[in-house]
Amino acid sequence: KINGLWHFMPVTASLAMVAAASMAGVPLLNGFLSKEMFFSQTLHQSVLGALSWLLPLLATLAAVFSVAYSARFIHDVFFNGKPIGLDKIPHEPPRYMRVPMEVLVALCIGVGIFPQWLVGDILLAASTAALQQTPPAYSLALWHGLNLPLLMSTVAFVAGIVLYINRKELFLFQAGFLDLFARRSF
């Protein structure tokens, strides 16, 4: 029902799109930084022994879905046609209701661009308190160079967009497969 809200709520749509892009791990937003750090840590785990290679693979797969559902949210809610059957015409909320989201979006952008300056000391204090010791080495930076976590992010972003673009065909395949499976008697 709530398609095409960009025309009615451009400010709210812009804020929501930045937040969703951060969830998808788009560069220059805090979600990209946290995803890169997460990917980096999965590459250095040995908890599964010989199967530890599964951790980076599963992390990348999870990021694919994060990109796909963020793209779906942005496209389907704000651009995909017009609202259908709504009792009221959508409109921007009052300013005081947008302030919390504006603060969070500003932090998404600020932490994405200036991570060490904005949250470096807070992260160090929090991780030291949680671990009850000095945390392992980590780097809060906008750019870590061409590396495997960046490749994982790129694969996740491209595959997530491809997944979103092909969602209808995938759902048709899934429905056909489930229908075929339901007809079998065991």
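Trp117 sits out in the open in this predicted model: its relative accessibility is 71%, so it counts as exposed, the cut-off being over 50%. Its ring has company, though. The centres of the Phe114 and Trp117 rings are 6.5 Å apart and the planes make an angle of 75°, so this pair is edge-to-face. Phe114 is partly exposed, at 47% relative accessibility.

Both residues belong to something broader. Together with Leu28, Ile109, Ile113, Leu118, Leu142, Trp143 and Leu146, Phe114 and Trp117 make a nonpolar surface patch of about 980 Å². Helices α4 (95-113) and α5 (115-131) are the elements that give two or more residues to the patch. Trp143 comes from elsewhere, namely the loop between α5 and α6 (148-165), and with 56% relative accessibility Trp143 is exposed. In general terms, nonpolar side chains tend to be buried together in soluble globular proteins.

Now for the inside. The largest nonpolar core holds 9 residues: Leu5, Met9, Ala13, Ala16, Met17, Ala20, Ile74, Val77 and Phe78. Two helices, α1 (10-24) and α3 (54-78), each put in at least two residues, and α1 is the top contributor with 4. Met9, a member of this core, also touches Pro90, His91, Glu92 and Pro93, once residues up to four places away in sequence are set aside.

A second core, separate from that one, has 6 residues, among them Phe39, Ala59, Ala63 and Val64. Phe39 is buried at 1% relative accessibility, while Phe38 is partly exposed at 48%. How are the rings of Phe38 and Phe39 arranged? Their centres are 6.4 Å apart and their planes meet at 40°, so the pair is tilted. Across the whole structure, the search turns up 4 aromatic pairs.

Phe39 also leads over to helix α6, where Ser153 lies. Ser153 is buried, with 8% relative accessible area. Its contacts, leaving out neighbours within four places in sequence, are Phe32, Lys35, Glu36 and Phe39. Ser153 and Leu54 are 99 residues apart in sequence, and their C-alpha atoms are 16 Å apart in space.

On to the charged side chains. Opposite charges can pair when the charged atoms come close. The whole structure has 4 salt bridges, including these:

| Residue | Partner | N to O distance |
|---|---|---|
| Arg72 | Asp76 | 3.2 Å |
| Arg95 | Glu102 | 2.6 Å |
| Arg98 | Glu102 | 3.4 Å |

Arg72 and Asp76 are 4 residues apart in helix α3, so about one helical turn separates them. Arg72 is partly exposed, with 46% relative accessibility, whereas Asp76 is buried at 15%.

What separates Arg98 and Glu102 along helix α4? They too are about one helical turn apart, being 4 residues from each other in that helix. Arg98 counts as buried because its relative accessibility is 14%, under the 20% cut-off. Glu102 bridges to Arg95 as well as to Arg98, and a network of salt bridges links Glu92, Arg95, Arg98 and Glu102. Glu92 ties this network back to the largest core's surroundings, as one of the residues that Met9 touches.

Methods. Residues are numbered from 1 along each chain as its sequence is written. This is a predicted model: local features need pLDDT of at least 70, side-chain atom pairs count only at pLDDT 80 or more; totals for chains, interfaces and linings use all residues. Side-chain values use heavy atoms; hydrogens and water are left out. Rings of Phe, Tyr and Trp (its six-membered ring) pair if their centres lie within 6.5 Å; planes under 30 degrees apart count as stacked, over 60 as edge-to-face and the rest as tilted. Buried means under 20% relative accessible area, exposed over 50%, partly exposed in between (1.4 Å probe, protein chains only). A nonpolar core is a set of buried Ala, Val, Leu, Ile, Met, Phe, Trp, Tyr and Cys residues joined through side-chain atoms within 4.5 Å. Contact means heavy atoms within 4.5 Å. Patches are made of residues with over 30% relative accessible area and no salt bridge: like charges are joined within 9 Å, nonpolar side chains (Val, Leu, Ile, Met, Phe, Trp, Tyr) within 5 Å. Accessible areas come from the Shrake-Rupley method with a 1.4 Å probe; for residues, only the protein chains shown count as cover. A salt bridge is a side-chain nitrogen of Lys or Arg within 4 Å of a carboxyl oxygen of Asp or Glu.
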